[in-house]
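Please open the model in your viewer and keep the selection panel at hand. The tour starts at a single residue and then widens to the chain.

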Amino acid sequence: MSRLDLVIFGATGFTGKHVVMEMNRQLKRYPLSWGIAGRSQAKLEEVIKEAAQKTGSDVSASVIIADVNDEKSLKNMCSQAKVLVNCCGPYRHYGEAVVKAAIESKTHYVDIAAEPIFIESMYLKYNQAAREAGVYVISACGFDSIPTDLGVVFLENNFGGIVNSVESYITADVSKHLVGGAMVNYGTWESLIYGILDFNKLPDLMKKIYPEQMPEFNPELKARYPFHRRLTGRSLPLFGADAPIVYRTQRTLYERDGKRPIQNKTYIEFAGIWSAMAVAFFALIGYVLLKLRCLRNLFLNHPRVFTLGAITREGPSEEVMNSTIFSFVLFGEGWSEGTDITTPPNKKLVVKVSGVNPGYGATVVALLFSALTILTEKDKMPKEGGVLTTGIAFKDTNIIKHLHENNLKFEVINDTV
């Protein structure tokens, strides 16, 4: 039995629906066989009707019934696909069973997990099994962490020398007349809450993965103080999937190829000092409150109340999503070609990765092109399989070019020696 090129699991969810619509649009350029999967036949058929209506073309996807709580159905689904696109989160609850089924079925796997504990746990548990099966398991193929991880790759490709360090700053802006409505879908909120609860477990997990530290590289990139100014506003450290993903990419390149690893720090920028301080204050209070189960359940059950309407089960409107602009500005520093790297760095380069609709537009495009790249450019990816980062999996492919052509822009904005 021949496999479908691609199957989208979790197609009836908020993000999954947008993946289905984008896939239907991309079929004009990438004619392939595909399917959608989920628990309910009726809901999957509704998704097909909605996608056909919104994209203006018929949906030729096969329908597959699969449930994260039914191992047999997961294996049946995976065995019908060359690449599985998993949109069923939070991944800490539902991801591992799907990863396991994909590997056992010799099916490549991509997702948009932004949960460091899940991502690194899958590497620790399944990297060897994925290598033996000859399949790629690639997480964080969305807003986290394509712009940062591939942004570092893009910066290095354009640097013209040796990069010592990269500092990345994320900014986002939504049209002022739309502020007050829903900004984020409930699934993202749920993943964020559990990610916050689990974040203190990350250092111990990383020590299990990497029991030996890398040697020190000079000059050392030190963390900047909270509320510092680098662009136009004030910035705070960004705790999430980006930093550990970039670290694993750079460490893998160092251990595999002997390449000097690029040091990286990630930050998020706010309009001014007061907004940055307010976010820091409420994040701290929220972290303390989430530790209490009763209050955590209130946060989970009543997101609209605790976020003043910014997060709802219905999710943001199309108008809000398409009016949200984001950018990642990456500041690179190192040595120009031929320079002695024992001397102080003498070259800088600034690049930007930008787009609109970070959560459900750019993320969807990045996720789909991660899957399409496996299908069309496998010869440019690592010969061995494994649980890989986007930077390791795609650094020698044309994915950055394709993303740039599909409204996720990669550009050099400053070149200073």
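Select Glu 377 in this predicted model and display its surroundings: leaving aside residues up to four places away in sequence, Glu 377 touches Thr 397, Asn 398, Ile 399 and His 402. To place Glu 377 along the chain, colour the segment between α14 (358-376) and β14 (386-388), since the residue lies in the loop that joins these two elements. Is Glu 377 buried or exposed there? With a relative accessible area of 6%, Glu 377 falls under the 20% limit and is therefore buried.

Next, select helix α11, residues 293-301, and show the side chains of Arg 296, Phe 299 and Leu 300, which are the buried residues of this helix. Looking down the axis, you will find that they cover an arc of only 95°, which puts them on the same side of α11.

Now zoom out to the protein chain, where a cartoon view shows 16 helices and 15 strands. The radius of gyration is 21 Å, close to the 22 Å that the globule rule gives for 417 residues, so the chain is as compact as a globular protein of that length. Along its principal axes, the C-alpha trace spans about 65 × 50 × 40 Å. Buried residues make up 53% of the 417 residues, and, among contacts with a separation of 6 or more, 80% link residues 24 or more positions apart.

Finally, switch to a surface view: the chain exposes about 19,400 Å², of which carbon and sulfur atoms supply 54%. If you colour by charge, there are 46 positive and 43 negative side chains, and the centres of the two sets lie 2 Å apart.

Terms used. Residues are numbered from 1 along each chain as its sequence is written. This is a predicted model: local features need pLDDT of at least 70, side-chain atom pairs count only at pLDDT 80 or more; totals for chains, interfaces and linings use all residues. Side-chain values use heavy atoms; hydrogens and water are left out. Helices (H or I, at least four residues) and strands (E, at least two) are DSSP runs, numbered from the N terminus. The radius of gyration is taken over C-alpha atoms; the globule rule is 2.2 Å times the number of residues to the power 0.38. Buried means under 20% relative accessible area, exposed over 50%, partly exposed in between (1.4 Å probe, protein chains only). Contact means heavy atoms within 4.5 Å. Accessible areas come from the Shrake-Rupley method with a 1.4 Å probe; for residues, only the protein chains shown count as cover. Lys and Arg count as positive and Asp and Glu as negative; His and the chain ends are not counted. The place of a charge is taken as NZ of Lys, CZ of Arg, CG of Asp or CD of Glu. The arc is that of the directions from the helix axis to the C-beta atoms.
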